[in-house]
Amino acid sequence: MLKCCAKPKTKAKGVVEDSMDTKKIKGTVVLMKKNTLDMNDLTASFLDRVYELLGRGVSLQLINAVNTDPADGSRGKLGKPAYLEKWVKTITPLTAGETPFSVTFEWDETMGVPGAFIIKNHHHSQLYLRTVTLEDVPGHGRVHFVCNSWVYPAHRYKYDRVFFSNKTYLPSQMPAPLRKYREEELVNLRGNGKGKLKEWDRVYDYETYNDLAMPEKGPHFERPVLGRSLECPYPRRGRTGRKPHKKDPNTESRLFLLSLNIYVPRDERFSHVKFSDFLAYALKSLFQILIPEIAAVCDKTINEFDSFQDVLDLYEGGVKLPNDATIKKIRDCLPWEMIRELVRNDGERFMKFPMPAVIKEDRSAWRTDEEFARETLAGVNPVIISRLQELPPDSKLDPKVYGNQKSTITKEHIEINMNGLTVEEALKCNKMFILNHHDGLMPFLRKINSTSTKTYATRTLFLLQDDGTLKPLAIELSLPHPQGDSHGAVSKVFTPAEEGVEGSIWQLAKAYAAVNDSGYHQLVSHWLNTHAVIEPFIIASNRQLSVVHPIYKLLHPHFRDTMNINALARQTLINAGGVLELTVFPGKYALEMSASIYKNWVFTDQALPVDLVKRGMAVPDSSSSNGLRLVIEDYPYAVDGLEIWSAIEAWVTEYCSFYYPSDEVVKVDNEIQSWWAEIRNEGHGDLKDQSWWPEMKTRSELIQACTIIIWVASAFHAAVNFGQYPYAGYLPNRPTVSRRFMPEPGTPEYAELEKDPDLAFLKTITAQFQTLLGVSLIEVLSRHSADEVYLGQRDTPEWTSDAQPLAAFERFAKKLIEIENRIMDRNNDNKLKNRNGPVKMPYTLLYPNTSDYSREGGLTGKGIPNSISI
């Protein structure tokens with residue numbers, strides 16, 4: 001207790017002198033009260049006021065980073081509890097948002113510099129603690145704490161909630177009085193592996209994908225457990241601790257289908273802005289599905305589109321929302337994000353799907369061979385095409401199991417369309433390319449075709465022309481041999497045609513190839529190779545790296561919202577009977593197929609330069625700035641991607657070099673070693689014995705790993721996600737299902753193809769309800785939220801107190817803005833035909849958007865968010 005009779009004198013900003021030895025330090029606490037979507041929870045706010053009046057407030061205790069507690073020499077000396085001031089008098093607004101509170105700490109010379117604090121919330125409800133700032137600690141100046149965490153009432157925890165200042169420390173550099181707190185915080189985050197986890201638990205732990213099946217619905221809804229299995233290896237996901245299913249002890253029990261309350265650590269959940277956007281998108285999509293479905297009840301062909309105009313009617317007509325300054329002003333005045341999103345003024349039509357970019361300028365250009373080929377380089381899945389090494393292309397499938405799977409495409413099929421080149425000349429000049437989905441699909445094709453799906457495993461060959469564009473040469477459609485897998489494949493080859501029934505057959509062949517590519521894109525390029533493989537890195541980082549560790553601070557922005565969106569995906573998208581199974585051709589075998597492909601996943605191959613060389617799309621070139629020469633110079637994904645990759649790599653190199661001056665520092669960093677061991681042995685444990693894993697003994701290995709993680713979570717995900725609606729929102733361009741095989745002469749289907757090729761095309765690809773469901777899904781997935789944080793941006797400017805990393809990050813952001821300008825220049829260069837194509841749709845999926853702080857969001861078709869947040 002202070003012994004002071006006179007009125008205290010103010011000595012400096014934030015410091016009040018009380019006596020010779022004791023002073024008071026002023027602080028500011030920025031927090032957000034409990035909310036529901038965009039609104040504060042007024043009931044919770046009222047109860048918190050009652051608790052406050054009863055003397056049960058929110059207290060903070062400073063922890064000394066210099067002097068230890070006399071009673072416990074392993075911990076920093078604790079200051080006296082200080083309480084948030086004027087809580088009762090502070091008016092709670094209706095709209096959720098941050099509120100500053102004052103707090104006053106007692107301080108004396110023995111306190112030294114505060115390095116952490118303990119917070120105890122004695123209120124009824126949780127609060128979101130944003131930052132704490134001490135204005136002027138004598139001898140040390142301003143001390144800032146970045147918290148960004150939900151703090152529940154104290155009785156919910158069996159430990160103290162501790163927050164550290166924004167200083168960055170390797171484990172060996174941590175001030176001795178704070179080490180125990182650092183170690184205990186990691187123990188708390190790991191949990192004990194037992195029991196069902198509650199919303200206030202902060203536990204990060206591993207589990208297999210054993211929560212997809214619905215045994216209570218019968219055999220059709222049974223699914224294999226993915227993970228800890230030779231047949232179905234898989235990355236781990238976050239543990240929820242729910243009980244085993246009553247009908248199958250190997251399956252975790254599930255929540256009500258539409259429940260959004262699946263456990264992830266509270267700080268991994270969407271912000272109120274993001275969640276409001278997410279629900280608004282879903283609500284709009286629901287109406288956009290229902291209206292055409294209701295109209296279809298009276299249609300002569302239920303669940304079928306009768307013409308391409310029927311498809312266009314999903315987007316055309318309706319009431320166009322105004323797009324002028326007056327409406328924008330009105331929208332900006334609306335208090336709630338969810339309502340703002342429902343009345344967007346970007347030209348969308350009320351209760352109609354937005355016009356996909358692929359048909360915005362030209363309704364039929366998507367059908368051209370040039371656009372079909374261009375989208376392998378600048379579409380939503382530009383990561384599969386590879387250089388052809390031999391003709392015919394061979395298979396890597398085991399011939400003892402699958403027989404002869406070698407391609408049946410011959411010179412005679414293709415040389416007539418090769419602009420005078422022979423196959424040998426084209427191969428020698430690196431002018432032949434292949435979109436190859438044969439080996440990935442063939443092992444599952446017999447099972448897939450036993451359902452309502454009727455499709456093929458495809459190989460598509462292309463020729464690189466002198467103007468830099470690709471020209472389709474042939475499409476091979478293959479089926480398993482009717483007498484059994486060991487007899488090989490039964491294949492047919494189709495070549496380009498424009499007129500008559502041959503032209504219609506060629507359009508169908510391209511559709512089958514697009515179905516393959518759409519399914520592979522959604523299940524592998526997108527879900528497996530971004531969402532699923534990154535989650536173990538998130539879990540391990542929180543379990544093994546302290547929040548003050550430099551690598552945690554480097555990677556943390558790239559993990560935002562990923563565990564939440566993955567949990568929602570397991571609940572409603574990739575589960576048995578979920579939206580993905582209903583809309584993508586592998587159906588119930590979708591995730592099992594992705595598990596088979598995961599067997600060949602290699603972490604180091606996810607580096608863009610390595611991937612390009614492996615696919616034969618680039619060759620090493622020491623004279624190039626990035627060390628590579630692209631085989632196709634106008635390959636928009638690779639051109640833009642290599643610039644982004646190089647910028648990320650330079651940033652990570654500069655950052656890691658600041659904290660790790662030598663390889664030895666990496667070796668002795670126990671947190672880094674534990675982190676990497678856990679990623680390998682637990683998170684990706686099914687592949688732990690693979691020889692390609694970096695040993696994490698050098699700084700270069702650390703830089704390589706962090707660069708790959710940031711690339712996958714930011715740029716790679718942006719490239720394969722945010723183009724979904726612009727390219728596939730018009731489903732005839734990217735059909736996800738085929739419902740019947742290629743018509744054979746003499747059949748009614750062939751006669752229909754001759755008579756009405758458009759109707760035959762529509763009857764072959766995705767049905768109406770599946771189209772509506774699929775388009776609604778990808779519309780939601782393709783939107784940026786209003787609180788998006790893009791590559792080169794941070795949501796907390798003072799994320800570290802170290803000046804050199806802050807300056808390096810500024811240089812990184814500046815470099816990304818320069819890349820933005822070069823991307824726009826390339827898109828305006830008429831010589832680069834693959835940048836826009838026949839559909840006149842510029843390639844902007846790797847446009848960083850670092851310069852954009854508007855927080856508008858929406859279907860922009862551009863921007864690289866820091867993380868896999870949707």
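## Where H12 meets H23 and H2

In this predicted model, helix H12 meets helix H23 through Val-501, Ser-504, Ile-505 and Leu-508 on the H12 side and Tyr-750, Leu-753 and Glu-754 on the H23 side. The two axes come within 9 Å of each other and cross at roughly 110°, so H12 counts as roughly perpendicular to H23. H23 covers residues 748-755, and Glu-752 is found there too. Despite its charge-bearing name tag, Glu-752 counts as buried, at 17% relative accessibility. Setting aside neighbours within four places in sequence, Glu-752 is in contact with Arg-740, Pro-757, Leu-759, Ala-760 and Lys-763.

H12 runs over residues 500-544, and it also packs against H2 (residues 176-190), with the axes 7 Å apart and an angle of about 140°. That angle makes H2 oblique to H12. The residues that meet here are Leu-186, Leu-189 and Arg-190 from H2, and Asn-542, Arg-543 and Gln-544 from H12.

## Aromatic rings

Now for the rings. The count of aromatic pairs comes to 38. Take Phe-658 and Tyr-659: their ring centres are 4.8 Å apart and the planes sit at 90°, so this pair is edge-to-face. The two partners are not equally covered, since Phe-658 is partly exposed at a relative accessible area of 33%, whereas Tyr-659 counts as buried at 7%.

There is also an aromatic cluster that draws in residues from several parts of the sequence. Its tyrosines are Tyr-209, Tyr-234 and Tyr-598, and its phenylalanines are Phe-537 and Phe-603. The tryptophans in the cluster are Trp-527, Trp-601, Trp-675, Trp-676, Trp-692 and Trp-693.

## Charges over rings

Two arginines place their charged ends over aromatic rings. Arg-75 does this with Tyr-181, where the charged end is 5.2 Å from the ring centre. Arg-794 sits over the ring of Phe-809 in the same manner, with its charged end 6.0 Å from the centre.

## Cysteines and the surroundings of Ile-551

How many disulfides does the structure hold? Zero. Cys-706 is in no disulfide, and the nearest cysteine sulfur, belonging to Cys-656, is 4.8 Å away. A disulfide would need the two sulfur atoms within 2.5 Å. Cys-706 counts as buried, at 0% relative accessibility. Cys-232 is buried as well, with a relative accessible area of 9%.

Both Cys-656 and Cys-706 turn up again among the contacts of Ile-551. Ile-551 lies in helix H13 and is buried, with a relative accessible area of 0%. Not counting residues up to four places away in sequence, Ile-551 touches Leu-545, Cys-656, Tyr-660, Ile-672, Trp-675, Leu-702 and Cys-706. One of those contacts, Trp-675, is also a member of the aromatic cluster. Ile-551 and Cys-656 are 105 residues apart in sequence, with their C-alpha atoms 7.9 Å apart in space.

For a contrasting pair, try Ala-803 and Ile-414: they are 389 residues apart in sequence and 60 Å apart in space, C-alpha to C-alpha. Ala-803 has its place in helix H26 (residues 803-827), and it counts as exposed at 59% relative accessibility.

## Backbone oddities

Some backbone geometry is worth a look. Most residues other than glycine have a negative phi, and most peptide bonds are trans. Against that background, which form does the peptide bond from Leu-391 to Pro-392 take? It is cis, with omega near 0°. Pro-392 lies in the loop between strand S20 (386-387) and helix H8 (399-402).

Two residues show a positive phi without being glycine. Asn-430 has a phi of about 55° and sits in the loop between helix H10 (423-428) and strand S21 (432-436). Asp-561 has a phi near 70° and lies in the loop between helix H13 (550-555) and helix H14 (562-572). Are these two loop residues buried or exposed? Asn-430 counts as partly exposed at 22% relative accessibility, while Asp-561 is buried, with a relative accessible area of 5%.

Terms used
Residues are numbered from 1 along each chain as its sequence is written. This is a predicted model: local features need pLDDT of at least 70, side-chain atom pairs count only at pLDDT 80 or more; totals for chains, interfaces and linings use all residues. Side-chain values use heavy atoms; hydrogens and water are left out. Rings of Phe, Tyr and Trp (its six-membered ring) pair if their centres lie within 6.5 Å; planes under 30 degrees apart count as stacked, over 60 as edge-to-face and the rest as tilted. Buried means under 20% relative accessible area, exposed over 50%, partly exposed in between (1.4 Å probe, protein chains only). A charge sits over a ring if NZ of Lys or CZ of Arg is within 6 Å of the ring centre and within 35 degrees of the ring normal. Axes are lines fitted to C-alpha atoms, for helices over the stretch in contact, and angles run from 0 to 180 degrees between N-to-C directions. Helices (H or I, at least four residues) and strands (E, at least two) are DSSP runs, numbered from the N terminus. Angles under 35 degrees count as roughly parallel, over 145 as roughly antiparallel, 65 to 115 as roughly perpendicular and the rest as oblique. Contact means heavy atoms within 4.5 Å.
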